Amino acid sequence: MHRLAVAAGTAFLLALGARAALAQAPQPAAPPPAAGAAGAAAPTLTPSRDFPRGTATPSSDCGACHRAIYREYAEGFGSDMRYPGVKLRTQGDKTLELPAETSVAASAHAVAGTDPWPIHAREAEEEGKKCNVCHFPQPFAIPEPTTLELAKPQPRQEAQGEGITCAACHLTPDGNVRGPHRVEAPHATVADERMSRSEMCAYCHAMGKRVPGKQTQTYLEWRDDFAGPGLGRQQCQDCHMPRTQRKTAEGPDVPVRAVARHLWTGGHSGQRLGSALSVVLLQPQKDRPDVELHVINVGAGHSVPTGSNRRAIYLQTRVVDRKGKVLATREWMFAPWYGPRPDDRAFLAEDAKRPDRIAATQADEQGPHEAPLRAGEERVLTWQTGARDGAYTLEATLVYDLNRYNARSFQGDQRELARFTLPFQVRAGR
């Protein structure tokens with residue numbers, strides 16, 4: 001039996017935060033929202049005289065004035081992010097990599113429209129449906145923190161390859177450019193302190209109602225497991241957009257102030273991943289072969305792993321004797337569920353009848369696994385190692401996998417996060 005301590009920790013979800021200043025423009029008529037989606041009516045969009053292309057405005061246009069911010073957005077300058085090649089299912093599949101002219105350290109927002117992984121997944125698993133509309137959204141109103149069910153934003157029809165542009169976050173439905181500060185700029189601007197709050201990230205980093213364990217719940221995990229219980233005051237931006245003192249634009253009259261770095265470090269950052277979990281190894285009874293592994297979410301204000309159900313963390317363990325011989329091994333996988341119930345092989349026949357049968361089937365094919373660790377949770381795993389008399393070392397390794405559905409032999413999308421060891425003795429009759 002696993003003992004679950006449901007609470008919360010300290011760090012953060014991938015903030016759908018901010019970009020340089022802009023204003024908005026005529027947009028094509030938005031498609032109707034999906035059936036059953038909350039917030040059915042799309043916002044009325046007001047043309048912007050400053051940015052007639054709206055959220056299709058290339059972020060490089062904003063980079064002409066906001067050079068430091070654009071460098072972070074487009075190149076990941078100041079981060080340790082990397083985008084390794086990913087395979088869909090088997091070792092023989094083509095490796096999906098970013099376009100050659102794209103920085104492999106770019107922010108996730110910058111490559112949202114060109115990253116081949118979500119594009120390929122959409123085509124292969126959802127039969128070409130526009131399921132990833134968050135990658136090219138039209139302007140949206142910031143939701144209330146008490147919103148129970150979150151719908152996707154409306155997609156723009158043009159320039160989808162531009163991804164999540166500066167305008168996607170900074171442009172309001174009524175044609176203004178919003179930012180956390182009141183500024184004088186060559187375009188219309190409004191100050192909105194909510195730009196520095198987690199609600200700014202909600203529409204693209206949560207979907208539907210809260211279902212603990214399910215994918216695409218990051219904002220709701222932060223709200224319900226971390227902020228609500230009072231485990232911390234950090235907003236998404238505090239961890240994923242660390243601040244620095246600088247100008248927002250390079251003009252001579254622009255004041256120096258605290259400005260968020262536009263990086264959104266998350267699943268592609270070893271530093272961010274490595275700060276989330278800790279593991280404590282114990283031999284609860286002296287001289288006995290049984291061990292405990294306490295996996296603790298000490299550094300994330302949301303579940304780990306969070307977001308896409310393809311992401312997983314493996315806890316790989318082994319018992320080694322004094323000569324280095326491996327006597328026993330065991331592995332646990334932590335991953336979000338695809339749907340509102342735990343993944344389970346028993347549902348494979350039903351999966352074949354679903355419109356999303358490919359995505360649902362590959363989740364259930366892997367069968368039951370450990371649910372993500374909620375914010376602040378301590379998960380206790382027990383293992384009867386079967387070790388006999390002698391001196392041993394318990395070794396444990398945390399490994400992060402961007403796609404748990406491809407062949408385990410493909411390690412290009414995996415990253416070792418940390419290692420832990422515990423020397424222990426076993427004596428007969430004790």
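Modeller: A charge sits over a ring if NZ of Lys or CZ of Arg is within 6 Å of the ring centre and within 35 degrees of the ring normal. The structure is a predicted model, in which local features need pLDDT of at least 70, side-chain atom pairs count only at pLDDT 80 or more, and totals for chains, interfaces and linings use all residues. Residues are numbered from 1 along each chain as its sequence is written, and side-chain values use heavy atoms, with hydrogens and water left out.

Biologist: How far from the centre of the ring of Tyr314 does the charged end of Arg408 sit?

Modeller: Tyr314 is also in contact (heavy atoms within 4.5 Å) with Asp401. The charged end of Arg408 sits over the ring of Tyr314, and its distance from the ring centre is 3.8 Å.

Biologist: Is Asp401 buried or exposed?

Modeller: Asp401 belongs to strand β11, residues 390-401 (a DSSP run of E, at least two residues; helices are runs of H or I, at least four; both are numbered from the N terminus). Its contacts beyond four places in sequence include Arg310, Asp413 and Gln414. Because its relative accessible area is 0%, and the classes are buried under 20%, exposed over 50% and partly exposed in between (1.4 Å probe, protein chains only), Asp401 is buried.

Biologist: How many of the ten residues of helix α5 are buried?

Modeller: Helix α5 spans residues 218-227 and is largely enclosed by the rest of the structure. Its buried residues include Tyr219, Trp222 and Phe226. The count that supports this enclosure is eight.

Biologist: Which residues touch the most other members of the largest nonpolar core?

Modeller: A nonpolar core is a set of buried Ala, Val, Leu, Ile, Met, Phe, Trp, Tyr and Cys residues joined through side-chain atoms within 4.5 Å. The largest has 31 residues, and strands β6, β7, β8, β9, β10, β11 and β12 each supply at least two. The residues that touch the most other members are Leu293 and Leu315.

Biologist: How many aromatic pairs does the structure hold?

Modeller: Rings of Phe, Tyr and Trp (its six-membered ring) pair if their centres lie within 6.5 Å; planes under 30 degrees apart count as stacked, over 60 as edge-to-face and the rest as tilted. The number of such pairs here is five.

Biologist: Which class describes the pair of Phe140 and Tyr203?

Modeller: Phe140 is buried at 5% relative accessibility, whereas Tyr203 is partly exposed at 23%. Their ring centres are 5.9 Å apart and their planes lie at 85°, so the pair is edge-to-face.
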